[in-house]
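Welcome! Take a moment to turn the structure around on your screen, and then read on for a short tour of its ligand, its pocket and one unusual bond.

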Amino acid sequence: MTDSCIFCRIAKGEIPAGKVYEDDEIVVFRDIHPAAPVHLLMIPREHIENLMTAGSQHETLLGRMIALAPRLAREQGATDGFRIVINNGPDGGQEVYHLHVHVLGGPRPWKRF
Ligand code: AMP
Ligand code: ZN
């Protein structure tokens, strides 16, 4: 955890966010600039920068995040499919350096992705 990391602060409840799910390892909230009718961000509570700095010790956690996506997408209104996106590093277009899984769904057209 770093004090300057906005997603760590959301996970700790220090910054408000539209949380839709949380457990001891994972927090899920609505993207503040949604690019689709349903746009969730799934983060680990642990501060991991991205997949390039994740290790084998995170495999179960990463699997849990992916496995949770369909349920939350459906619950939030993405009833006809969804997309998951993970941006990694500068060439991956990553803006926030705390690993996050974008979950995008709902009726098209979408703004981007
Ligand atoms: P990325 O380019 O993958 O790093 O995407 C970062 C995402 O975080 C963008 O889609 C932003 O809209 C979103 N974001 C940034 N700050 C917040 C916030 N405080 N609450 C919710 N979403 C945020
Ligand atoms: Zn963080």
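## Contacts with the ligand

A good place to begin is I32, where a polar backbone atom is 3.1 Å from a nitrogen atom of ligand 1. Keep in mind as you look that this is a predicted model. The backbone of G93 also takes part: one of its polar atoms is 3.1 Å from an oxygen atom of ligand 1. At E95, a backbone N or O atom and an oxygen atom of ligand 1 are 2.6 Å apart.

How much of ligand 1 does the protein bury? On its own, ligand 1 exposes 500 Å², and 88% of that is buried by the protein.

## The shell around the ligand

Altogether, 17 residues surround ligand 1, and those that come nearest are D31, N87, E95, H100 and H102. E95 is thus one of the nearest residues as well as a residue with a backbone contact to ligand 1.

Sorted by class, this shell holds 7 nonpolar residues, 6 polar ones and 4 charged ones. Two elements, α1 (6-11) and β2 (26-30), each contribute at least two residues to the shell. Of the elements, α1 gives the most, with 3 residues.

## The pocket

Where does ligand 1 sit? The space that ligand 1 takes up is the largest pocket. This pocket has a volume of about 450 Å³. Its lining is made of 23 residues, with F7, D31, I32, L41 and V96 the closest to the pocket centre. Two of these names may be familiar by now: D31 is among the residues nearest to ligand 1, and I32 has the backbone atom 3.1 Å from a ligand nitrogen.

Which elements give two or more residues to the lining? They are α1, β2 and β3 (38-44). Here too α1 gives the most, with 3 residues. By class, the lining divides into 11 nonpolar, 8 polar and 4 charged residues.

## A cis peptide bond

For a last stop, follow the chain to P109, in the segment after β5 (101-105). Is the peptide bond that joins R108 and P109 cis or trans? The bond is cis, with an omega of about 15°. Most peptide bonds are trans.

Conventions: Residues numbered from 1 in each chain as written. Chains lettered and ligands numbered in written order. Predicted model: local features only at pLDDT ≥ 70, side-chain atom pairs only at ≥ 80, totals over all residues. Heavy atoms only, no water. Near = heavy atom within 4 Å. Polar contact = N/O pair within 3.5 Å; in protein donor to acceptor, adjacent residues only side chain to side chain. Areas by Shrake-Rupley, 256 points an atom, 1.4 Å probe, with all protein chains shown as cover. 1 Å grid on protein atoms, 1.4 Å probe; cavity = no way out; pocket = protein on both sides within 12 Å on 5 of 7 lines; lining within 4 Å. Sits in = over half its atoms within 2 Å of the grid points. Helix = DSSP H or I, 4+ residues; strand = E, 2+ residues; numbered from the N terminus. Nonpolar A, V, L, I, M, F, W, Y, C, P; charged D, E, K, R; others polar. Points joined across faces, edges and corners; volume = space filled by probe spheres on them.
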